[in-house]
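Visitor: I am new to this structure and would like a close look at a single part of it. Please take me through that part slowly, and then show me what surrounds it.

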Amino acid sequence: MRPGVCDVLVTAFLLLVSIEYVRCVRGIGSRDETKSSKKVLTLGVILPHTTFGIRIRAYNRKLASTIDDLKKNRFPVLNFTSVFDIDRPEVVPMQLTPSPTDILYALCERFLSKNVSAILYITNTELYGIKTASAQYFLQLAGYLGIPVICWNADNSGLETKTYKSLTLQLAPSIDHQSKAMLSILKRYSWHQFSIVTSQIAGHTNFIEAVRDNLQTPDFRFVLLSIISLDTNNFEMMQNKLSRLRNTDTRIILLYATRDEAINIVSAARGLGLMQRDYVWIATQSIIGNTPETPPANFPSGMLGVHFDTGEDGLQNQIEKGVKVFGHGLELYVNSPHLTRNVSVQPNLSCSGKGASQWLSGEVFYNFLRNVSISVGGSKPNLEFNIDGTIKYAELEVMNLNLHHRWEKIGTWAKDGLDIKDIVWPGNSHVPPPGVPEKFHLKVMFLEEPPFIHLSPPDPVNGQCVNRGVPCRVASEADMAKVNKTMASRNESYFQCCSGFCIDLLQKFATDLGFTYELSRVEDGVWGTETNGVWNGLIAALINRKTEVVFTALNINSYREAVIDFTVPFMETGISVVVAKRTGIVSPKAFLEPFDTMSWLLLLVVSIQVATFAIFLFEWCSPSGYNMKIQPPRDHKFSLFRTYWMVWAILFGAAVNVDCPRGYTARFMSNMWALFAVVFLAIYTANLAAFMITREEFYELSGIDDKLLLNPYSVKPPFRFGTIPYSNTEVIMQKSFPEMYGWMKKFNRRTVQEGVSDIKKGKLEAFVYDATVLDYLVSQDDECKLLTVGGWYSMTGYGIAFPRNSKYLDSFNKYMMIYRENGDLERLQRFWMAGACNPYKQERTSSKPLSWNQFMSAFILLACGILLAFILLALEYIYIKYVRKHLAKRDTGGCCSLLSLSMGKSLTFRGAVFEAHDIVKHHRCQDPICDSHLVKVTRDLDLARIKIKHLERELKLRGNSPQKRSPYHVGLGSNYVFKARDWEENHVISVESMDPPIYCGRKQQPQHHHGYRCSPVPIEITEIETVL
């Protein structure tokens, strides 16, 4: 600043201070003093530099009048005027592209020296590109200093929004408003799909993001086909990139560039035929510029655009809006004392270091400015701002390049929507172009493969297809030439109904791409493989151009890709194996499976042996038990084998006769074993049921490289499996596993349904095919007898096939990616692939009877027992015949009876007699028939005795006495025969005469004077075996 000016300012300042001091001294009241000492605020203003003085005076008059209206409350009453007074604004004219020095001078020397509270930055330049750097630099500096900026920049789309502490409020319509207006035009004429073409203009990425953000609308579906960013300095490269639009369905193009860049882009597009009557180009404000400007000559008639006024005359309205925002921001500040108690609206900054370098309260004041809501009159919405500082509601003009090659306003876009009138369309058409290519017709070929394509007959009444089906021809072209097509359409031998995943996908493509189609089945009914250099099936139809597209579950592989083109896969798949479940039998060792081997060994080898020997030893050592020092008494019935018998009987709860020990210790041990047996038997029984049930069995293969498939002769009979001929699976098997292919090809089936059916019937053990198809068939099996096993091999996918260099490939690929991204493919997959097997048979209320092979283990156990019994019988025979007589000479102390009571008795004559006596003495017949038979025999015996006595009397009467009895009867008398035999006598009778000394019992008796104490007694030899 000049020294003279500074002296004047200092003098004025001292004069004001003196006046205020005098007023205070004179005792003016404190309230009057507060009213008169308002804080003076200054607004900084940057206006476009112009050489026309009339415009500068107009701008200054508008500033002064608006501030004066705020002071005098000509707008709605504002209370801030009682606290603040707005001084004359500090106005700085700015060149179109100011230098950094000019910007620093304006900030430091002009604005900070005046202590401005905010800056009004008004420019109408539309430079865009790198020329916006100066404006960007100014806004960044202001943001760093903390001074709010209220700006109106026509080229705001080129300004970076995410600056350091951006404190900018933008009054001009943003790029987001322009994108919304352009999309509203598309919606107005039902143009769903479009593309974007931009140059490298600053903000072109913001434009693309804004369009993307506004695509999601609830009532209209937009499809963005392509985004092309061009370098306008390279014409050849521009044409190469724009040629991609020609190969798509793009007919509506949004263009964002500068005016000069748009001229080059339009020239390149015209050479590619992209300016014809069915193409519509919609330009942004950056291309249209000021309304009076004459558009470039190469712009086509019918071109559309969005526009807002950037003329110098319109700046005056923006100046008024900016001043109002400042005033209403002060009003909010004053009305919020609880928020502004320690907040000053004067920055007090300096670039020379005398003051603060950053206004800490500037962001608070900026928030007040951003939250204003100013009425602009009429039905228009209030002036408000978004959270990012952009204006919330804007009004744009819709422009049309008419036949006179002038931009003409044909409508407006605002908050309420689009208001538009008649338009001059490209080619001087009276109707808008459809926005999509004209419909075309495709010949589509297929081969049925559930769930991708199902074949079903049409309705017999009306011949129509139901349940999402479409008509499809299944007869050959030769057969169709012989019949009337109208009549053939009702004959299922010629036409059937196709439905499934691929049909729904085909209809979706037809709707979005706008084509009609004719479905026909491939005549040879095969997928397509190469044999001796010649292709067949669907692949041959594409190579020979008999069809334009193949739409079915066609696998993508390298052999097919060498001759045809595929889209991106719409579903993944691989090669898998399906087998059938079989009802198995109960394992022969099922009764052993409740416990593992170690548990059984612990029971049989340890527990039983320990319990047996413990009980036996306790019985042996107990005082009341068995005594080894004397001969075993007659009623002793305990041995080691009988202990084993008791332990086994207690363990399994067998209802058999057992001999209990005498000793109390042995009995206690027996009770402990019984408690153990209860727990063991409960656990065993509870778990046995789980192992005695029938189980489903199947071949648990690891995949197509399983050993059973690689070597089918390893089992008897050989393992049988197959696939479908002329399919991708057969090609993979032939190339990767030639030996396996040589075996399996004789088991191939024509369709996968036939193969699956043969698996269930037992004609095949496995079937190899596409994993996705097999998984679907398993899920749809009514009997739930199918199961896919192993992993997937040779992962690939299903694709839509086209002939080489088809013009439709790119369009289908683009939409396929769209369907994948928005979830359409996933929804179709859930609809057609989902399912779980549901047996059609009703569940039975009673259990199914078990067949004999389901409890084979019981028969095997019985057979093993019989075999073991035969072995024991042979051992018993060998013992009686050969071993007993030798063992009797050695076992003089009766040790064998310790091991087995029966063995001990068999070795001594006396023991055998004791056993016979016990049998006779304790035998009791429990059968009533036995008692009746005994009574009958006793009666017959009595009658026989009476008859004998009668015969003896008759002999005596006739003089014939009975013959003398043999020595066998001497001393017994005649009644001895009829006397009941005493089986309990402890003696043995023999017919042999015995010389003295006479033995009575087992001891020799001494002689007395009366002779022998025991007289000679005949001895009867009893057949012990008969008694036993």
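Guide: Helix 6 is mostly covered, with 10 of its 14 residues buried, where buried means under 20% relative accessible area with a 1.4 Å probe, protein chains only. The model is predicted, so local features need pLDDT of at least 70 and side-chain atom pairs count only at pLDDT 80 or more, while totals for chains, interfaces and linings use all residues. Residues are numbered from 1 along each chain as its sequence is written, and side-chain values use heavy atoms, leaving out hydrogens and water.

Among the buried residues of helix 6 are Ile175, His177, Met182 and Leu186. Helices (H or I, at least four residues) and strands (E, at least two) are DSSP runs, numbered from the N terminus. The helix covers residues 175-188, and because each residue should add 1.5 Å, counted over one less than its number of residues, the expected span is 20 Å, which agrees with the 20 Å between its end C-alpha atoms. Just after helix 6, Ser190 takes a positive phi of about 55°.

Further along the chain, strand 7 (residues 193-198) pairs with strand 10 in the parallel sense over six bridges; two strands pair if DSSP finds at least two bridges between them. One of these bridges joins Thr198 to Ser229 in strand 10. Strand 10, residues 223-229, is also mostly covered, since five of its seven residues are buried.

For the wider setting, the chain holds 33 helices and 34 strands, and 43% of its 1028 residues count as buried.

How values were computed: Buried means under 20% relative accessible area, exposed over 50%, partly exposed in between (1.4 Å probe, protein chains only).
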